[in-house]
Amino acid sequence: MNLWPWILAACVLAYATKLAGYFVPRSLLKNPRTMHIAGTMTIGLLASLTVVNAFASGQSLALDARIGALAAAAIALWLRAPFLVVVIAGAAAAAGLRLLGWG
Amino acid sequence: MPPKLLDSPAVKVGLSISVATGLYGVSFGALSAASGFDFWQTMALSLLLFSGGSQFAFIGVVAGGGSGVAAMTASALLGLRNGIYGMQMNALLLPKGKLKYLQAQLSIDETTATASGQSDPGEQRRGFWTAGIGIYVLWNLFTAVGALAGNALGDPKQWGLDGAAVAAFLALLWPRLKGREPWAIAVACAVATLVAVPFVPPGVPILVAAAVAGVFGWLSHARSDEGLEPDIDPYPHRRGDSRGDTGEGAE
């Protein structure tokens, strides 16, 4: 699959969204409901992306080394580790569990 | 840089947020390479799309077997909040003429948070541009480093890079989970996603979750700026009041 058209379309949409904030009537974006939906959408999408990457394997659900990554990341975040440390903790947990022969 | 500029608190905050945010460009570059994107595709996302969450979303959907159109849609929906930031930064910094076209590209979580955390208009402007230019340069530099390193690693699973993606998304979500409603939305969307996985093509469960989140946002009346927190808080010692003081959007 050639991803280039979709990559460029995503880039155009991203810039158009940012620029829209500078041009659309203030009343539309100032509407609390618009702001609220942008916020809930961000939370919902990130939650969804987290579980998809942790549990989905194509069209089925799987429990494998990635659940170790999820747990390690949660612990690191709870300990207020910086972003990069959280990511490394996730990678190390998944790699470690695979080294032990699981998932 | 003249010493006078370094005396500015907003410039200091902008520089430190640039380093912190720029560094995690490494994880984006490496994950993108591991997800099958070539070097220039990875760089196009960082140079042109330039919004961390949306970039991770795009490669995350493709890595999970999703189509290009699903990846684009997830990325665009996740970027909707940047429109709000654009509106806030337009009202706060009052850019003149063509400057707003450049300022728009830099209107993301971290620059908005850095600028909104200052009260003096000059400081707000310095904070925005220091964070914006600093993050843009470092994010792209470290994306390139990550993309090259990721290509050299070989089997991404052996290095736990799929686990790194899980951790990255959780880390992006985490600072936004302040209070009961954000948690409720996150749990509802996670459950909706898992229920949808077996029934629809890869990538689509994420859009199902977006629909659930949209309905949630439409129906509820909680504080209007929830979910609009930066991935890395430029003002960690002022937790809870570092945002929303632009005079805009507060209910």
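Me: A helix is here a DSSP run of H or I that covers at least four residues. In this predicted model, which helix holds Leu77(A)?

Reply: Leu77(A) lies in helix α4 of chain A.

Me: Why is Leu77(A) called buried?

Reply: A residue is called buried if 20 or more other C-beta atoms lie within 10 Å of its own. Leu77(A) has 21 such atoms within 10 Å, and is therefore buried.

Me: What makes a residue a contact of Leu77(A), and which residues does Leu77(A) touch?

Reply: The C-beta atoms of two residues in contact, placed from the backbone, lie within 7 Å. Leaving aside residues up to four places away in sequence, Leu77(A) touches Val86(A) in chain A, and Leu170(B), Ala171(B) and Trp174(B) in chain B. With the same kind of exclusion, up to four places in sequence, Ala171(B) touches Ala73(A), Leu77(A), Phe83(A), Val86(A) and Val87(A).

Me: How many residues does each chain give to the contact between chains A and B?

Reply: Chain A contributes 70 residues and chain B 90 residues. On the side of chain A that touches chain B, α3(A) gives the most, with 23 residues. That side has 49 nonpolar, 15 polar and six charged residues.

Me: Why are α3(A) and α7(B) called oblique to each other?

Reply: Helix α3(A) packs against helix α7 of chain B, residues 80–93, at an angle of about 140°, and the axes are 8 Å apart. Angles over 145 degrees count as roughly antiparallel, and those of 65 to 115 degrees as roughly perpendicular. An angle of about 140° falls in neither range, and the two helices are therefore oblique. The crossing of α3(A) and α7(B) is left-handed.

Me: Which residues make this helix contact, and how do you know their classes?

Reply: Met35(A), Ala38(A), Gly39(A), Met41(A) and Thr42(A) of α3(A) meet Leu80(B), Arg81(B), Gly83(B) and Ile84(B) of α7(B). By class, five are nonpolar, three polar and one charged. Arg counts as charged, and Gly as polar.

Me: What makes a set of residues a nonpolar core, and which residues have the most contacts inside the largest one?

Reply: A nonpolar core consists of buried residues of kinds such as Ala and Leu, joined through C-beta atoms within 7 Å. The largest nonpolar core has 116 residues, and Leu45(A), Ala73(A), Ala167(B) and Ala171(B) have the most contacts inside it. Helix α3(A) gives the most to this core, with 13 residues.

Definitions and conventions: Residues numbered from 1 in each chain as written. Chains lettered and ligands numbered in written order. Predicted model: local features only at pLDDT ≥ 70, side-chain atom pairs only at ≥ 80, totals over all residues. Buried ≥ 20, exposed ≤ 12 C-beta atoms within 10 Å, placed from the backbone. Axes fitted to C-alpha atoms, helices over the stretch in contact; angles between N-to-C directions. Parallel < 35°, antiparallel > 145°, perpendicular 65-115°, else oblique. Left-handed = near helix turned anticlockwise from the far one by under 90°.
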